[in-house]
Amino acid sequence: MGVGVEGCTKCIKYMLFFFNFIFWLAGCVILGVSLWLRHDSKTSSLLDLRFEGTEPPTTFYVSVYILIAVGAVMMFVGFLGCYGAIQESQCLLGTFFACLVILFACEVAAGIWGFMNKDKISKEVISFYDSAYDKGTGFSSERNDQQQAVASVLKVFHETLNCCGKGSFISFAESWLTDVCPGDLKLKAVNCHSKIKEFFSEKIYLIGIAALVVAVIMIFEMIFSMVLCCGIRNSPVY
């Protein structure tokens, strides 16, 4: 039985272990952040609404579920890399490298898809908001069950995003909005369209930063795992 790698290869072994530990932690962070995004009270209050049989878009939740899966896989792959580096196992390191290549390819594909559809979520939510808003403007001053349903949907939007209406002012035809707007916005409109875009842009920006950090770590890990694999194969002690 050999005594293990020496010199620079041994240094790479511990660097790979360190990066894998960071990768495992990154998986924990992504899993935690994605679970927070899924159960965030503001996000849930907007995306769990129902109005006349229609629902807000599920695109955001689909992205979050993908992140949850990615975080769990990263934790497993990070553990595999740590164990493979310490044990100096070519089989484990080869499996680890293959998993990294697949993950990296998936991340690049997801990044391209996300960039191409970065405005889709906010547009779909805005469309859902507008359908309820336009329905409300067509009601008479008398209250009924349908108007109450519209008011409850709009009130969630307005209180969650601290906005009121979809223009820069409230016209006479939209005076009913004062009943479903936050107290400090009853006399002036704060465009809900811009607030919706801002709300989801912040979430996507957070996801983008996490993905970039993980991609950089993965590149270093792929390099180190191959160097260590070659070092183990060429080591005279085996």
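Four helices, α1 (7–39), α3 (59–87), α4 (90–116) and α7 (192–234), each supply at least two residues of the lining of the largest pocket. Helices here are DSSP runs of H or I with at least four residues, strands are runs of E with at least two, and both are numbered from the N terminus. Before going further, please keep in mind that this is a predicted model, in which local features need pLDDT of at least 70 and side-chain atom pairs count only at pLDDT 80 or more, while totals for chains, interfaces and linings use all residues. Residues are numbered from 1 along each chain as its sequence is written, and side-chain values use heavy atoms, with hydrogens and water left out.

Let's step back to the overall fold. The protein has seven helices and zero strands, giving the pattern α-α-α-α-α-α-α along the sequence. Of its 238 residues, 40% are buried (under 20% relative accessible area; exposed means over 50%, and partly exposed in between, with a 1.4 Å probe and protein chains only).

Now back to the pocket. The largest one has a volume of about 1000 Å³. Of the 39 residues that line this pocket, L67, A110, G111, I207 and A211 are the closest to its centre. A pocket is an open set of points on a 1 Å grid over the protein atoms alone, with protein on both sides within 12 Å along at least five of seven lines, and its lining residues have an atom within 4 Å of a point. Grid points are joined across faces, edges and corners, and the volume is the space filled by probe spheres set on the points. Helix α7 gives the most to the lining, with 11 residues. By type, the lining divides into 30 nonpolar, seven polar and two charged residues.

On the surface, Y14, F17, F21, W24, L25, F79, Y83 and I86 form a nonpolar patch with about 760 Å² of accessible area together. The elements that give two or more residues to this patch are α1 and α3, and α1 gives the most, with five. Such a patch takes residues with over 30% relative accessible area and no salt bridge, joining nonpolar side chains (Val, Leu, Ile, Met, Phe, Trp, Tyr) within 5 Å.

Helix α3 holds two residues worth comparing. I86 is in this helix and counts as partly exposed because its relative accessibility is 37%. M74 also lies in α3, but counts as buried because its relative accessibility is 2%. M74 and L31 are 43 residues apart in sequence, and their C-alpha atoms are 9.1 Å apart in space.

Methods: 1 Å grid on protein atoms, 1.4 Å probe; cavity = no way out; pocket = protein on both sides within 12 Å on 5 of 7 lines; lining within 4 Å. Nonpolar A, V, L, I, M, F, W, Y, C, P; charged D, E, K, R; others polar. Patch = residues over 30% accessible without salt bridge, like charges linked within 9 Å, V, L, I, M, F, W, Y side chains within 5 Å. Areas by Shrake-Rupley, 256 points an atom, 1.4 Å probe, with all protein chains shown as cover. Salt bridge = Lys/Arg side-chain N within 4 Å of Asp/Glu carboxyl O.
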